[in-house]
Amino acid sequence: MWILKGVPYERLGTWRVALLRGKGLGLELVFAGRELGEAFEELEARLAERPGFYRGTSAIVNFGNAPPSSDVIVKLQSLLNEAGIELRALTGSAAIETLAGECGLPYEPADVHAAPELDRRRALRPRAEMRLSESAKSLVADFAGARADIAERRRRGEASVPQLELNDQPEPPAAEPSRPAALHLVETPPPTLYHTGTLRGGQALHHPGNIVVVGDVNPGAEIVASGDVLVFGRLAGVAHAGAQGDEAARVFAIDLRATQLRIATFIAADAESTPRVRTVPEAAIVRDGRIVIVPFDQIDQLQERGISSV
Amino acid sequence: MHQLQPTIESMPEQAKPLGRAIVVTSGKGGVGKTTTTANLGTALAQRGASVALVDADVGLRNLDIVLGLESRVKYHVLDVLEERVSLDEALVADKHSEKLFLLAAAQSREKDEVDTEKMRALIAALRERFEYVLIDCPAGIELGFKNAVAGAEEAIVVCTPEVSAVRDVDRVVGLLGNRFRPQLVINRLRPLLVKKGKMLSVDDVNAILRLPLLGVIADEPEIIVTTNRGEPLALRKDAPTGAAYHAIAARIAGEDVPAPMPVTKETFLDKLGAMFGGKKA
Amino acid sequence: MSSRKIVITSGKGGVGKTTTTANLGAALAKRGKRVILIDADIGLRNLDLVLGLEKRIVFDLVEVAEGRCQLRQALIKDKRFESLAILPAAQTREKDAITEDQFAAIVDRAAEIADYVLIDCPAGIEAGFRNAVAGAAEAIVVTTPEVSAIRDADRVVGKLNDRGKPIRLIVNRLRQEMVRSGDMLSVEDVCEILAVELVGIVPDDEEIIDTTNRGEPIVLDEASRLRPIYDKIVRRLEGEIVPFTNFDQPGFFGRLLDALKAG
């Protein structure tokens, strides 16, 4: 689990709607991208998946820089009311404040809720909308429900990886470079699991922390880590990095041809039926709400997590 | 009834080395474990070694059929384990090879009736009398597999060039671990199909399995025929498949013989089909 | 209209249970039936592979049994068909991860939302087999016309008879030229030995290997000669009386070779 301003929260991310739930904050709905119709459908489906789960909570809705028309707000309100959620306020850029006024809703400035991390990632997000191929879209749709379930299971404490016990201390103010802020935040992180040898089909490695495999990971094998996954060989099975919710986790391999990749609650599989030709080591990272594969020498934005856990 | 007369028994106790106990396994069914066991046993025996074959597939025995010995089987493994008969009485001498003996599986019993420790002891007892003990493993990775593996010190893994077989074999190799030093036999290869890109190649298979290769056996209709008739192909040393089994046996014995590989044999029909560009019937 | 729960079994491994399950399921779905295929081979799962769906697996049979997800969430829809879904087995677990009762309960749940539930049975007659059979109301035994396969099929038929489930037979990988030369048992021989109602005869076809490797059920190939065969099996399952294809007529080359041999 992450600690955000002292409040543990969950991220159920898709590239259009993010549903956040925190104990003290209520829900924050983040609408990114412009296809509101589809985003609504997804939200509706997500709420229907667990009727009553959100009943009694309140939500603030973040439209970022793109204020919709006021009848969208009316529609959203009725959708939320059906699920027992109160639309408490709107948030986003200054344009949203105007919209909020028009709809008779309170406005809250965005920066109250955004973690510095979230802001930085948003800043990195390109303006252009993602274009996914049909088969990729269908995979995303396939996985949407599954991701929600993975998150739900984690919420119930059913992670296959033992939960890290993090201190419930409030996050220190924005760290100065010289200050070892990490030490205040967490206990000694678990050591990296270092496995030499080929992981064969049917074998699994589960570990809180990073996992390094020197050897191949065969189809049918499974790696689940709360941190990064590094395979010094061929990765062909299923790898799950950031299994406790860390979207900044990464999967590296000399020969990356995993049957399926998972980072936090994101799942991805190669939509193409013919395998890609790999010529360089690659990494899988989450960017803009989806898993992308990046050639190793092009990762210049390796997100630092402020915690040295290697 | 045949009495057991292996030549090793006449040697003094201290000088007698323990025989090698090798389990022939795969995970996937139908890849040719039993045929491989029968043929390798035959080849080893034809080369002069004393060999005992053990059928560990309780309830689904087949090794006796493949050797043509089904009418000669009187007692089986469980009869020995449950001490109703001695090992000598249960071992059946092979029809074709002098030094080859079979210990059949029970047909009307269940795998969970086999005591793993007793199985281990049985294999140990066989190792004292035979230079090679080959154990034919059942399909799957359940109790039958575990019992077949108990008592073995080495493994031969049989795989066909198919995606599902490779997956299952990989699983088994993972379960075996390093202790058994598994070596690979690839069975039922069809070089022509490999050439056409319609079958996995030897490299494709071993790219995943990464095992030392004993050899590759081609798919031939003759194999079914000989299986039905109970005459292992290894009896025909000069035919390609028989020769391949002998080469593998030599390699098992430690000889520096190259791994047998099947050659592409284009039949008349294949050439005709290629000429017209149509699918083979 | 109650749905049918059929286990596809054989005893002997490698005779074509998984391929049969996949192709029968596909053929049924093409006829508009709602079909759920369940892979009961925990630890050695292959049904997903044979249908090319392995990279879509998120949840599996064992997780459904353990209540960690719902059946609906574990089902993978095959997009090539209107109404075909599979429940994959677990790969990193063993067969004792599920009990007969748990499996039967899952099959019943599947039967509520499908017309046909086909269960792909593991090889052998151990716990995996017992679990798979526990969920089914009927059985299809698959065998090849070889002595070892038939002997194993016979053992399985005996066990199924003990449980009182109706059994039907598919003879797979028939090579008629070998039957004619006396090197393979004929279908009549097989039926005689097993004494079970015959529901299909499937000839050997080398294309199957390639389609299995590529994850494409052969019934998708319109040119395949196996497609009408599986269609016929499906029609018989539905109660139609369909005559069996006579494989005894040699094709052009068969006749040519016979003529050549005759001199």
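This is a short talk on the fold of chain C, the nonpolar cores, and the side of chain B that touches chain A.

Before anything else, please keep in mind that the model is predicted.

I'll start with chain C as a whole. Its secondary structure comes to twelve helices and eight strands. Along the principal axes, the C-alpha trace spans about 70 × 40 × 35 Å. How does the radius of gyration of chain C sit against that of a compact globule? A compact globule with 263 residues would have a radius near 18 Å, and chain C has 18 Å, so the two agree. Of the 263 residues in chain C, 55% are buried. As for contacts in chain C with a separation of 6 or more, 77% of them are accounted for by residues 24 or more positions apart.

Now one helix pair within chain C. Helix α1, residues 17-30, and helix α11, residues 226-237, have axes that come within 9 Å of each other and cross at roughly 75°. That crossing makes α1(C) roughly perpendicular to α11(C). Which residues meet there? From α1(C) we have C:Asn23, C:Leu24, C:Ala27 and C:Leu28. On the α11(C) side they meet C:Tyr230, C:Asp231, C:Ile233 and C:Val234. By class, this contact has six nonpolar residues, one polar and one charged.

Next, the cores. The largest nonpolar core has 212 residues. Which residues have the most contacts inside this core? They are B:Ile135 and B:Cys159 from chain B, with C:Leu61 and C:Ile119 from chain C. Helix α7 of chain B, residues 163-176, supplies the largest share of the core, eight residues.

Take B:Ile135 from that list. Setting aside neighbours within four places in sequence, B:Ile135 is in contact with three valines, B:Val23, B:Val24 and B:Val54. Its contacts also include the alanines B:Ala21, B:Ala56, B:Ala148 and B:Ala152. There is also a second, separate core, of 15 residues, and that one includes A:Ile60, A:Val61, A:Leu76 and A:Leu80.

Last, chains A and B. Seven residues of chain B are in contact with eight residues of chain A. Which element gives the most to the chain B side? Helix α7(B) does, with five residues. This is the helix that also gives the largest share of the 212-residue core. By class, the side of chain B that touches chain A divides into four charged residues, two nonpolar and one polar.

That is what I have for today.

Notes. Residues are numbered from 1 along each chain as its sequence is written. Chains are lettered from A and ligands numbered from 1 in the order in which they are written. This is a predicted model: local features need pLDDT of at least 70, side-chain atom pairs count only at pLDDT 80 or more; totals for chains, interfaces and linings use all residues. Axes are lines fitted to C-alpha atoms, for helices over the stretch in contact, and angles run from 0 to 180 degrees between N-to-C directions. Helices (H or I, at least four residues) and strands (E, at least two) are DSSP runs, numbered from the N terminus. Angles under 35 degrees count as roughly parallel, over 145 as roughly antiparallel, 65 to 115 as roughly perpendicular and the rest as oblique. Two residues are in contact if their C-beta atoms, placed from the backbone, lie within 7 Å. Ala, Val, Leu, Ile, Met, Phe, Trp, Tyr, Cys and Pro count as nonpolar, Asp, Glu, Lys and Arg as charged, and the others, Gly among them, as polar. The radius of gyration is taken over C-alpha atoms; the globule rule is 2.2 Å times the number of residues to the power 0.38. A residue is buried if 20 or more other C-beta atoms lie within 10 Å of its own, exposed if 12 or fewer, and partly exposed in between; C-beta atoms are placed from the backbone. A nonpolar core is a set of buried Ala, Val, Leu, Ile, Met, Phe, Trp, Tyr and Cys residues joined through C-beta atoms within 7 Å.
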